[in-house]
Amino acid sequence: MVSVTRAVFGDLPLGAGTVEKFQLQSDLLKVDIISWGCTITALEVKDRQGRASDVVLGFAELEGEVAPVRGTAFDLRKPVELGKHLQEFHLGGFDHNFCLKRSKEKHFCARVHHAGSGRVLEVYTTQPGVQFYTGNFLDGTLKGKSGAVYPKHSGFCLETQNWPDAVNQPHFPPVLLRPGDEYDHTTWFKFSVA
């Protein structure tokens, strides 16, 4: 069964409008999305025992070059245990754009597996890049749902996007939206249990 509900979430300051919350629910997941910025406020998926719990989804300014990842700390093409990987390479975390296919067609972006729960997240996108951020500035002072405390690296984000500074780099995928052009990109989040 699939259901969609709609409710008032709140009002913007100075009478700028009403923010609505949409809840999409199926046998596989439940997601709450507010109309202000199309922001996901809650996402619940099932683990291998069939228990549903919240999955927290969460860009810093970046400059750089397109560089190969082979043999570097950025080589995440094969599975790694993220905490051990950060320690092994003495990294304070990731907050980097990873360059993907330069295609406007749906293509694979990332796969994440949580060994404890068995949850698997696969990301597909029409965007040419993904910003990978590992909660580097979390310090335990932020309190989340049900009083959860978020220490450093307790969460991560996979944010599909164009490449940073693309507007100034002619060899990067084009980003300018000209009058009459349509902005059309899609990202798919596929959840399963292994």
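**A tour from the surface to the core**

Select E81 and K84: they form a salt bridge, with their closest N and O atoms 3.6 Å apart. A salt bridge here is a side-chain nitrogen of Lys or Arg within 4 Å of a carboxyl oxygen of Asp or Glu. Both E81 and K84 are exposed. Exposed means over 50% relative accessible area, buried under 20%, and partly exposed in between (1.4 Å probe, protein chains only).

Before moving on, note that this is a predicted model, where local features need pLDDT of at least 70, side-chain atom pairs count only at pLDDT 80 or more, and totals for chains, interfaces and linings use all residues. Residues are numbered from 1 along each chain as its sequence is written, and side-chain values use heavy atoms, with hydrogens and water left out.

**More salt bridges**

The structure holds seven salt bridges. Select R77 and D75 next. Their side chains meet in a salt bridge at 2.8 Å, N to O. R77 is exposed, at 53% relative accessible area. Then pick R111, E122 and K190. Salt bridges with shared partners join these residues into one network.

Now go to R51 and D47. Their closest N and O atoms are 3.1 Å apart, in a salt bridge. R51 is exposed, with a relative accessible area of 53%. D47 counts as buried, at 7%.

**The core**

Select L86, F94, F98, L100, C109, A110, L121, V123, V130, F132 and L158. These eleven residues make up the largest nonpolar core. Such a core is a set of buried Ala, Val, Leu, Ile, Met, Phe, Trp, Tyr and Cys residues joined through side-chain atoms within 4.5 Å. Color β7 (107-113), β8 (119-125) and β9 (129-133): each supplies at least two residues of this core. Strands are DSSP runs (E, at least two residues), numbered from the N terminus. In soluble globular proteins, nonpolar side chains tend to be buried together.

Stay on C109. Leaving aside neighbours within four places in sequence, C109 is in contact (heavy atoms within 4.5 Å) with L100, V123, Y124, T125, V130 and T160.

**The cysteines**

How many disulfides does the structure hold? Zero. A disulfide would need a pair of cysteine sulfur atoms within 2.5 Å. Select C99: its sulfur is 11 Å from the closest cysteine sulfur, in C109, too far for a bond. C99 is partly exposed, at 37% relative accessible area. Select C157: its sulfur is 13 Å from the closest cysteine sulfur, in C109, also too far for a bond. C157 is buried, at 8%.

Technical notes: Helices (H or I, at least four residues) and strands (E, at least two) are DSSP runs, numbered from the N terminus.
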